[in-house]
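Q: I have a structure open and would like to learn how to read its helices and charged pairs. Can we go through it together?

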Amino acid sequence: MAGGNERSMKALKEVWKRAENSLCADCEKPDPDWASSTLGVFICLSCSGIHRNIPSISKVKSLKMDYWDDAQVQFLAKHGNAVTKAIYEAHIPIYYYQPTYNDCQVLREQWIRAKYERKEFTEPGKQLPYSDGVKEGILWKRGRDNGQFLPRKFLLSEREGCLKYFTKQDAKEPKINVKIDVINATFQPEKIGNPNGLQITYLKDNKTRNIFVYHESGKEVVDWFNAIRSVQFHYLKVAFPIASDNEIKNRLTRNFLKEGYMEKTGPKQREAFKKRWFTLDHRRLMYFKDPLDAFAKGEVFVGSGENGYSVQKGLPSGTQGNFSWHYGITIVTPDREYLFTCETETDQLDWMRAFTSVINQAMTPQEYAIEAYFKFKS
């Protein structure tokens with residue numbers, strides 16, 4: 001605001017302090033200190049960079065460092081986040097994933113472009129590229145065995161309630177045909193090594209199978225993601241007719257609670273600890289030799305505290321296995337203890353918080369069935 005007159009500065013601060021403008025209009029990060037002088041929204045530094053890439057729609061300025069004239073301040077006062085959201089977010093499909101500041105760049109960028117550039121949510125009943133119940137196209141898929149990404153045809157069908165992919169363009173039979181209700185999808189740009197990387201998982205014989213894909217177009221891969229959510233939503237509406245829309249929305253795709261490396265030992269707790277990549281997908285703790293493995297080497301069910309599950313800091317006294325990391329975690333189940341070590345105390349505390357959040361939740365009937373399967377398998 002350097003160079004601005006005192007009256008404009010005071011008026012700008014008053015608009016800025018309104019409760020509606022206390023979170024970024026696009027990702028809900030607290031205390032935004034940038035704004036769009038053409039849209040009238042208050043945004044964070046990260047989202048301002050995305051706005052700057054669509055200058056025909058949005059012109060951004062710092063609320064602390066740039067000069068705002070009277071007309072621009074009056075424009076902000078007449079708009080602000082509440083008024084602008086009422087226009088550009090008026091008709092968002094309930095299944096559409098609205099990213100926050102914790103989400104990756106491609107999700108946040110396409111959300112901003114969908115709102116302001118393509119105006120996808122300003123009119124009711126608008127035909128959207130992820131809303132018609134079918135999507136077909138090419139995604140680059142990582143080979144399960146050779147690790148090479150190759151183009152594969154994917155087909156998503158609401159009518160059939162499934163996702164298929166084909167190894168050849170003219171293939172009549174799919175390589176896989178997965179029911180939509182066992183699919184999850186989550187963006188993994190760092191793990192996959194591509195800014196548009198998407199991890200699709202599904203249950204096969206009650207084991208998790210990973211598929212890693214990407215598309216050169218950020219819009220296309222986010223459209224695929226929301227198309228999966230759309231098909232899931234309509235499938236679950238039929239399967240659970242008395243469930244509310246919000247209850248169904250909460251059963252759509254989910255992000256993993258925690259991922260990262262730990263060391264683990266075997267069931268006898270005398271074997272050497274081995275470094276593994278771990279993924280905590282709600283009550284399933286899966287471990288892999290490599291983060292991009294198609295199948296887990298093993299899975300641990302993490303139940304609720306009222307059913308005898310707990311997490312403890314450190315390892316039991318007398319643990320014999322050799323380990324190179326010294327920040328231990330013990331997961332206690334009704335049947336046995338699982339021992340892990342972390343490289344740093346920060347990792348240890350982060351994992352313990354994640355485990356505790358799961359253990360503190362009551363189990364659903366479906367989760368009791370999963371627990372019974374794990375016990376039977378072991």
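A: Sure, and let's begin with burial: buried means under 20% relative accessible area, exposed means over 50%, and partly exposed is in between, with a 1.4 Å probe and protein chains only. Helices (H or I, at least four residues) and strands (E, at least two) are DSSP runs, numbered from the N terminus. This is a predicted model, where local features need pLDDT of at least 70 and side-chain atom pairs count only at pLDDT 80 or more, while totals for chains, interfaces and linings use all residues. Residues are numbered from 1 along each chain as its sequence is written, and side-chain values use heavy atoms, with hydrogens and water left out.

Q: How many of the residues of α5 are buried?

A: Eleven of the 13, so α5 is largely enclosed by the rest of the structure. Among them are Trp111, Ile112 and Tyr116, but also charged residues such as Arg108, Glu109 and Lys115.

Q: What covers the buried residues of α5?

A: Here we use contacts, meaning heavy atoms within 4.5 Å. The cover includes α2 (45-52), α4 (80-88), β8 (183-187) and α7 (218-239).

Q: What span does α5 reach from its first C-alpha to its last?

A: The expected span of a helix is 1.5 Å times one less than its number of residues. For α5 (residues 105-117) that gives 18 Å, and the helix reaches 17 Å, close to the expectation. After α5 comes Lys119, with a positive phi near 50 degrees.

Q: Which residue forms a salt bridge with Lys115?

A: A salt bridge is a side-chain nitrogen of Lys or Arg within 4 Å of a carboxyl oxygen of Asp or Glu. Lys115 pairs with Asp26, their closest N and O atoms being 2.6 Å apart. That pair links distant parts of the chain, 89 residues apart: Asp26 is in the loop between α1 (6-16) and β1 (34-36), and Lys115 is in helix α5. Asp26 has a relative accessible area of 3%, so it is buried, and Lys115 is buried too, at 0%. Both belong to a network of salt bridges that also links Lys85 and Glu89.

Q: How many salt bridges does the whole structure have?

A: The search finds 20. One of them joins Asp223 and Lys219, at 2.7 Å from N to O.

Q: Why are Asp223 and Lys219 separated by about one helical turn?

A: An α-helix has 3.6 residues a turn, so residues three or four places apart point the same way. Asp223 and Lys219 are four residues apart in helix α7, which means about one turn between them. Asp223 is buried at 3%, whereas Lys219 is partly exposed at 29%.
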